[in-house]
Amino acid sequence: MSVIYLLISISILVAIVFFIAFIRAVKTGQYDDDYTPSVRMLFDDELITENPKSIQITKEKQI
């Protein structure tokens, strides 16, 4: 029975630590980004850049 009391005490302690970490993150502004989620879908695709070697080869073929 004493093991149950120990496990409950440890779980409450861990929950308090996570709650304190969450409160600290909210106070320091971790969750204040209102702009990015609204435009994330606009910048979803990354730009594909050409390989510099392929650019040189195509220039040499043109000459």
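## Starting at Tyr 5

Let's begin with one residue: Tyr 5 sits in helix H1, which covers residues 2-27. This is a predicted model. Is Tyr 5 buried or exposed? Its relative accessibility is 53%, so Tyr 5 counts as exposed, since the cut-off for that label is over 50%.

Tyr 5 also has company. Together with Met 1, Ile 4, Ile 8, Ile 12, Ile 16 and Ile 20, Tyr 5 makes up a nonpolar patch on the surface. The accessible area of these residues adds up to about 760 Å². Here a general point about helices helps: an α-helix has 3.6 residues a turn, so residues three or four places apart point the same way.

## Helix H1 from end to end

How far apart are the end C-alpha atoms of H1? They are 38 Å apart, and this agrees with the expected span of 38 Å, because the 26 residues of H1 are counted at 1.5 Å a residue. Just after H1 comes Gly 29, whose phi is positive, at about 90°.

## The whole chain

Stepping back, the chain has three helices and zero strands, and its pattern along the sequence reads α-α-α. The chain has 63 residues, of which 3% count as buried. It exposes about 6,700 Å², with 65% of that supplied by carbon and sulfur atoms.

## How confident is the prediction?

Across the chain, the mean pLDDT is 80, and 68% of the residues reach 70 or more. Among the elements of the chain, H1 has the highest mean pLDDT, at 97, while helix H3 (residues 52-62) has the lowest, at 57.

Key: Residues are numbered from 1 along each chain as its sequence is written. This is a predicted model: local features need pLDDT of at least 70, side-chain atom pairs count only at pLDDT 80 or more; totals for chains, interfaces and linings use all residues. Side-chain values use heavy atoms; hydrogens and water are left out. Patches are made of residues with over 30% relative accessible area and no salt bridge: like charges are joined within 9 Å, nonpolar side chains (Val, Leu, Ile, Met, Phe, Trp, Tyr) within 5 Å. Accessible areas come from the Shrake-Rupley method with a 1.4 Å probe; for residues, only the protein chains shown count as cover. A salt bridge is a side-chain nitrogen of Lys or Arg within 4 Å of a carboxyl oxygen of Asp or Glu. Helices (H or I, at least four residues) and strands (E, at least two) are DSSP runs, numbered from the N terminus. Buried means under 20% relative accessible area, exposed over 50%, partly exposed in between (1.4 Å probe, protein chains only). The expected span of a helix is 1.5 Å times one less than its number of residues. pLDDT is the predictor's confidence in each residue, from 0 to 100.
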